[in-house]
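Thanks for coming, everyone. I'll take us through a few helix pairs and then some single residues. Please have the structure open.

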Amino acid sequence: LIDVLEVGEGTVPKLLVENRGPAPVLILDGEQLIGARQTRMAARSVVVGGRSRTNIPVSCVEQGRWHFTSEKFSGGRHYSPTRVRKKVKTHEKNMARAGTDATVEELAFSQGDVWSEIQDVQDSLHVHSPTGSLDEVSDSVEDSVVDWVERFPLKEQQIGVLAFMDGRPLALDVIGSDGLYGRVHKRLMRGYVMDALSSRRMQRMPQEYEVTHRMADGFLERISGCTPRKAPTVGIGSYYVLTDGVTGGRLEQDVDGADRLIHLSVF
């Protein structure tokens, strides 16, 4: 019921989503879309309405290819590491702090930072993709990723994950319902594991770090203390940029007259 296509003959920062079904569809920031002219990553979480056509903002995560390998995109197995996702959110944050609306068109200006971060991931893992494909880099360490993901099984009624690395908060992802979160848990964890595997510091200095509830509460308090800035977006719902001590975004949707959280991602 859903096709993801190039816009015309292709434009790097946008893709067309055709939803022929009656139900809305959630595309999470960091999800990789494989094929067509080059692999992309959703740059912002978007809800695409039922029976609608929507251009969504994306970032290229395969710098060295610009030719068709398929007509349509397919969903990737690998989720983008937070270090790559954060580059887009940092650009949003800087615009918001400067008092400028972080429009979907403006997200394209983070592209150079995204490519640079993917190159650093390759260097850290000592692997090389001829086209700079983040998906191929993830494939190269697939066995290790699967092994680590199995160590973090889905918990009953879980709606998100707060990850620490090197004894510091890495990122938080929260989804609006446990049923929906359960469907994306393993993919989200793949992205977090890629952060750990590609961390040069952890490779140099392997050791255990203690993480406490107090440390987690401290990060959550920083998030709660943010002043969100509403930003123009596409699809259904409202999008807010988070600043003031953290970097992130929050997508909400009106459900039966009340604003409900759809996706919160904070770095």
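Start with α1 and α2, where the crossing is right-handed. This is a predicted model, so keep that in mind throughout. Helix α1 spans residues 82–97. Helix α2 covers residues 111–125. Their axes lie 9 Å apart, and the packing angle is about 165 degrees. How do the two helices run relative to each other, roughly parallel or roughly antiparallel? Roughly antiparallel, because the cut-off for that class is over 145 degrees.

Now the residues that make this contact. From α1 we have Arg83, Val84, Lys87 and Val88. From α2 come Asp113, Val114, Glu117, Ile118, Asp120, Val121 and Ser124. By class, that gives five nonpolar, five charged and one polar residue.

Let me pick out one member, arginine 83. The residue sits in α1. Is arginine 83 buried or exposed? It is buried, because its relative accessibility is 16% and the cut-off is under 20%. What does its side chain pair with? The side chain of aspartate 120, in a polar contact at 2.3 Å. Setting aside neighbours within four places in sequence, arginine 83 touches Glu117, Asp120, Val121 and Ser124. Asp195 and Ser198 are on that list as well.

From the α2 side, look at serine 124. That residue belongs to helix α2. Serine 124 is buried, at a relative accessible area of 2%. Its side chain reaches the backbone oxygen of aspartate 120 at 2.8 Å. So aspartate 120 turns up twice, because its side chain meets arginine 83 and its backbone oxygen meets serine 124. For a sense of span, go from serine 124 to isoleucine 2. They are 122 residues apart along the chain, and their C-alpha atoms are separated by 36 Å.

Next pair: α4 and α5. Helix α4 is residues 142–149, and helix α5 is residues 178–197. The axes come within 9 Å and cross at roughly 115 degrees. Which hand does this crossing have, left or right? It is right-handed. On the α4 side, the contact uses Glu142, Ser144, Val145, Val146, Trp148 and Val149. On the α5 side, it uses Lys186, Met189, Arg190, Val193, Met194 and Leu197. Sorted by class, that is eight nonpolar, three charged and one polar.

Methionine 189 also gives us a long reach. Its C-alpha is 26 Å from that of lysine 14, with the two positions 175 residues apart along the chain. Lysine 14 lies in strand β2, residues 14–19. Its relative accessible area is 30%, which means partly exposed. Beyond its sequence neighbours within four places, lysine 14 is in contact with Val7, Arg40, Ile56, Val58 and Glu105.

Staying with strands, go to glycine 35. It lies in strand β4, residues 31–35. Glycine 35 is buried, with a relative accessible area of 7%. How far is lysine 72 from glycine 35 in space? The C-alpha atoms are 6.7 Å apart, with the residues 37 apart in sequence. Not counting residues up to four places away, glycine 35 touches Arg65, Thr69, Ser70 and Phe73.

On to the loops. Arginine 51 is in the loop between β6 (46–48) and β7 (52–60). The residue is exposed, at 62% relative accessibility. Its C-alpha is 8.3 Å from that of proline 24, a residue 27 places away along the chain. Leaving out neighbours within four places, arginine 51 is in contact with Asn19, Arg20, Gly21 and Pro22.

Last topic: backbone. Most residues other than glycine have a negative phi. Here are two with a positive value. Histidine 126 has phi near 60 degrees. It sits in the loop between α2 and α3 (134–140). Aspartate 166 has a phi of about 60 degrees. Its place is the loop between β9 (160–165) and β10 (168–175).

Which way do they go on burial, buried or exposed? Histidine 126 is exposed, with a relative accessible area of 71%. Aspartate 166 counts as buried, at 9% relative accessibility.

That's the tour. Over to you.

Terms used. Residues numbered from 1 in each chain as written. Predicted model: local features only at pLDDT ≥ 70, side-chain atom pairs only at ≥ 80, totals over all residues. Heavy atoms only, no water. Helix = DSSP H or I, 4+ residues; strand = E, 2+ residues; numbered from the N terminus. Buried < 20%, exposed > 50% of the residue type's maximum accessible area, 1.4 Å probe, protein only. Polar contact = N/O pair within 3.5 Å; in protein donor to acceptor, adjacent residues only side chain to side chain. Contact = heavy atoms within 4.5 Å. Axes fitted to C-alpha atoms, helices over the stretch in contact; angles between N-to-C directions. Parallel < 35°, antiparallel > 145°, perpendicular 65-115°, else oblique. Left-handed = near helix turned anticlockwise from the far one by under 90°. Nonpolar A, V, L, I, M, F, W, Y, C, P; charged D, E, K, R; others polar.
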